[in-house]
Amino acid sequence: MPFSNLSSPRKVHSLDAEIRGAAVLASPGLVAMVSTDPVRIGVCPVGGSGAKTTNLSLSSAEDVALLSKDVAVVRSEDAVWALLGITHGPKLDQVGRDARLLATRPSGETALSLGWDGSATELKLDKNEVNGRTFALRGAARAFDVTEAETHVVVDGAGEGGELRVHPGATPEPGPTLRALLPRAAQNLNRVRGGAKLTAVYKRGASAVCAVVRSSGKLTAKVIELGDGVADVAVLESSLFAAFADGRVALFDGATIEAASAAPPTPTASLTLGARGEPTVLAIAGKGSPTLWVGTSAGEIWSLSIVRRQGG
């Protein structure tokens with residue numbers, strides 16, 4: 001059944017600094033968020049208590065990826081650092097440079113960084129070390145995201161708004177199995193969240209989101225105007241989740257996305273967190289009973305239950 005509501009918001013943890021990035025590790029079920037000024041990483045168990053904070057001697061932080069329960073990768077400006085032994089005397093080791101994006105994979109083991117020169121680097125956990133392998137990309141990649149089974153890449157120069165390419169595996173090295181030309185209104189959108197049924201191309205602060213729906217082995221793209229600038233978005237199954245600067249978090253189900261036209265659609269569900277600061281990042285953990293995680297500009301970490309519509 002599709003998702004119909006958001007409920008049970010609760011504050012889980014706080015880093016007391018602006019949260020910039022989030023990552024999920026599906027097993028054993030962890031959510032990590034990284035803050036800047038000062039740089040801290042908070043790791044929260046999905047199903048219980050015991051969140052932990054680690055201070056990092058970095059000047060800033062923008063993205064985070066979890067390779068295992070003990071190893072994370074953090075992008076600090078254009079440098080990439082491995083954090084080895086998150087909770088027990090952590091060690092920082094620089095594993096990349098000239099990076100403008102870091103994408104996390106829910107199953108861990110690997111992450112992917114996008115270089116300013118148009119190359120990509122696979123960051124792979126090898127025992128107690130993180131090793132980088134750089135390779136060339138097909139086309140000028142604007143953004144990418146890595147799911148458990150696929151890599152979603154937005155490429156410039158193919159159509160007025162670019163092109164979404166879906167590749168099998170943890171890197172875009174295999175040829176794409178699916179492609180979709182994006183509308184012209186998507187040309188400035190520089191982030192992507194990939195999913196098996198829905199992929200969202202967006203830009204933080206912009207009110208337009210390009211929703212790419214997968215059905216019968218084909219991709220169909222449309223730009224949806226949400227009315228207010230989004231702080232971040234996430235996708236799960238056929239639903240889109242968006243956080244706004246005024247503290248709202250909204251759910252748009254597949255039917256709402258399909259029916260959306262020129263006017264901003266009415267959310268399927270919406271709530272105001274009441275947290276300190278503005279929402280800055282979103283992440284989704286779990287499948288059977290999924291939770292939406294929100295990080296704020298004041299460093300608070302919140303979780304919300306995502307509720308399915310009941311049959312009958």
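Visitor: Hi! Where does T54 sit?
Guide: In this predicted model, T54 is part of strand β5, which covers residues 52–55.

Visitor: And is T54 buried or exposed?
Guide: T54 counts as buried, because its relative accessibility is 9% and the cut-off for buried is under 20%.

Visitor: So what does its side chain have for polar company? Which backbone oxygen lies 2.9 Å from a polar atom of the T54 side chain?
Guide: That is the backbone oxygen of I86.

Visitor: Which residues is T54 in contact with, leaving aside neighbours within four places in sequence?
Guide: V39, R40, I41, I86 and P90. I86 is also the residue that offers the backbone oxygen I just mentioned.

Visitor: Changing topic: which residues does a cis peptide bond join, with omega of about 20°?
Guide: S27 and P28. P28 is in the loop between β2 (18–25) and β3 (30–36). Another cis peptide bond joins D37 and P38, with omega of about 0°. P38 falls in the loop between β3 and β4 (40–45).

Visitor: Why point those out?
Guide: Because most peptide bonds are trans.

Visitor: OK, on to phi. What sign does phi have at D98?
Guide: Positive, at about 55°, although D98 is not a glycine. D98 is in the loop between β9 (91–96) and β10 (99–104), and is partly exposed, with a relative accessible area of 42%.

Visitor: And what about E237, where does that one lie?
Guide: In the loop between β22 (230–236) and β23 (239–244). E237 has a positive phi of about 50° and is not a glycine. At 33% relative accessibility, E237 counts as partly exposed.

Notes. Residues numbered from 1 in each chain as written. Predicted model: local features only at pLDDT ≥ 70, side-chain atom pairs only at ≥ 80, totals over all residues. Heavy atoms only, no water. Helix = DSSP H or I, 4+ residues; strand = E, 2+ residues; numbered from the N terminus. Buried < 20%, exposed > 50% of the residue type's maximum accessible area, 1.4 Å probe, protein only. Polar contact = N/O pair within 3.5 Å; in protein donor to acceptor, adjacent residues only side chain to side chain. Contact = heavy atoms within 4.5 Å.
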